[in-house]
Amino acid sequence: MDLAFTPEEQAFREEIRTWVTANLPADIAHKVHNALELTRDDMQRWAKILGKKGWLGFGWPKEFGGPGWTAVQKHLFEEECALAGAPRIVPFGPVMVAPVIMAFGTPEQQQRFLPGIASGEVWWSQGYSEPGSGSDLASVKTRAERQGNKYIVNGQKTWTTLGQYGEWIFCLVRTSTEGKPQTGISFLLIDMKSPGVTVRPIIMLDGGHEVNEVFFDNVQVPAENLIGEENKGWTYAKHLLSHERTNIADVNRSKRELERLKRIAKREGVWDDARFRDEIAKLEVDVVALEMLVLRVLSAEKSGKNSLDIAGLLKIRGSEIQQRYSELMMLAAGPFALPLVREAMEAGWQGDFPGGEVGNAPLASHYFNLRKTTIYGGSNEVQRNIVSQVVLG
């Protein structure tokens, strides 16, 4: 296992850093570094900048219009973007559904859907979870009934992240009730402007609108929007979930937020507390360990060995680290982390605190928001069972 970057990889890092520094809008970077809420325009603006460069699909092979980067290059790209304060790429299109379309879609589907994803023009949403179908995803009940050359879809999806902006949604739908639950699921692409699609907001504890319910009432979907074979959607779903769980680990964002935690601790006067500094040190050790685990996977890929099937393990550790740094930030700020007046914050108010360039107003809502990370993408309890089965047998 070689964890040292080659001179060529270091040169690649410098190229990425130079380009991101020159092209990342300063107002967006300011919001990211200070955990301020990003608007649809912010996220779409950065996506289109990357799309124009050909880097929104940074993990794509050249045959589908991507840069064809190695696993190490993709890691370095994500790291430099995160450290510069770039928003996370909204993953549903370029990171999640695109690989499924590449692997299992027809040439016509690839030509139809991939260009809009690569350019950042089309916003995709994910239709997996349902009321009663979270970690037990195979129990989905949203029904798609074949009628001639179309499907009639009825049902409900929930926790649809940023679904209020969605133009297309990829859904797991039930097309058969025979046999095991997994054998009757299909993978369907649905235009969210179709009659019968209703998006209802779920307002969170801090008043934010991030997630939604999506209802399907006799929605007509052309049969040509079916990916792969009918009743084989579970196979495609597992392919996608490995990308999602690795994405959730997001070690590069954790490295950036670790530095933000240190700034907050110094500003709030708790950096001199040896016990608090111990907590930061323990977190830093965990971040470095997670990075080593990611690099271990990359090293295996680079050398042609079979990479470890540890997407679930990456998800577990990455999500716990995100919760821990948000908790320490709030503890560092103490009572100054409590006030949250959303309208005032959006207007520029960042809370009453003793000086410094980083505001405390977003800290509490950020902490509560990240409680979700150990639940979504497959709860950590279930992931531990999967890891134990894969690793221990």
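**Exercise 1. At what angle do helix H1 and helix H3 pack, and how far apart are their axes?** Work out how the pair is arranged and which residues make the contact.

*Solution.* Keep in mind that you are looking at a predicted model.

- Step 1: Find the two helices. H1 covers residues 7-23 and H3 covers residues 40-53; they pack at an angle of about 135°, and their axes are 12 Å apart.
- Step 2: Classify the angle. Angles over 145 degrees would count as roughly antiparallel and 65 to 115 as roughly perpendicular, so H1 is oblique to H3.
- Step 3: Add the handedness. H1 and H3 cross in a right-handed way.
- Step 4: List the contact. H1 contributes Trp19, Val20 and Asn23, while H3 contributes Trp46, Ile49, Leu50 and Lys53.
- Step 5: Sort these residues by class. Five are nonpolar, one is polar and one is charged.

**Exercise 2. Explore the largest nonpolar core, and see where Leu50 fits in.**

*Solution.* A general point helps to set the scene: in soluble globular proteins, nonpolar side chains tend to be buried together.

- Step 1: Pick out the best-connected members. The largest nonpolar core has 53 residues, and Trp46, Leu50, Phe77 and Leu283 touch the most other members.
- Step 2: See which elements supply it. Those giving two or more residues include H1, H3, helix H4 (71-84) and helix H9 (274-302). The biggest contribution is from H9, with ten residues.
- Step 3: Zoom in on Leu50. Not counting residues up to four places away in sequence, Leu50 touches Trp19, Trp55, Leu56, Phe77 and Ile89.
- Step 4: Look beyond this core. Another core, of 30 residues, lies apart from it, and its members include Met96, Trp124, Ala138 and Tyr236.

**Exercise 3. Is Met329 buried or exposed?** Then place Met329 in its surroundings.

*Solution.*

- Step 1: Check accessibility. Met329 has a relative accessible area of 0%, so Met329 is buried.
- Step 2: Locate the residue. Met329 sits in helix H10.
- Step 3: Find its partners. Leaving aside neighbours within four places in sequence, Met329 contacts Glu257, Arg260, Leu261, Ile264 and Leu363.
- Step 4: Turn to the helix pair. H8 and H10 pack at about 15°, with axes 9 Å apart. Angles under 35 degrees count as roughly parallel, so H8 and H10 are roughly parallel to each other. Their crossing is left-handed.
- Step 5: Connect the residue to the pair. Met329 is one of the H10 residues in this contact, and Glu257, Arg260, Leu261 and Ile264 are among those from H8. By class, the contact has eight nonpolar, two polar and three charged residues.

Key:
Residues numbered from 1 in each chain as written. Predicted model: local features only at pLDDT ≥ 70, side-chain atom pairs only at ≥ 80, totals over all residues. Heavy atoms only, no water. Axes fitted to C-alpha atoms, helices over the stretch in contact; angles between N-to-C directions. Helix = DSSP H or I, 4+ residues; strand = E, 2+ residues; numbered from the N terminus. Left-handed = near helix turned anticlockwise from the far one by under 90°. Contact = heavy atoms within 4.5 Å. Nonpolar A, V, L, I, M, F, W, Y, C, P; charged D, E, K, R; others polar. Core = buried A, V, L, I, M, F, W, Y, C linked by side-chain atoms within 4.5 Å. Buried < 20%, exposed > 50% of the residue type's maximum accessible area, 1.4 Å probe, protein only.
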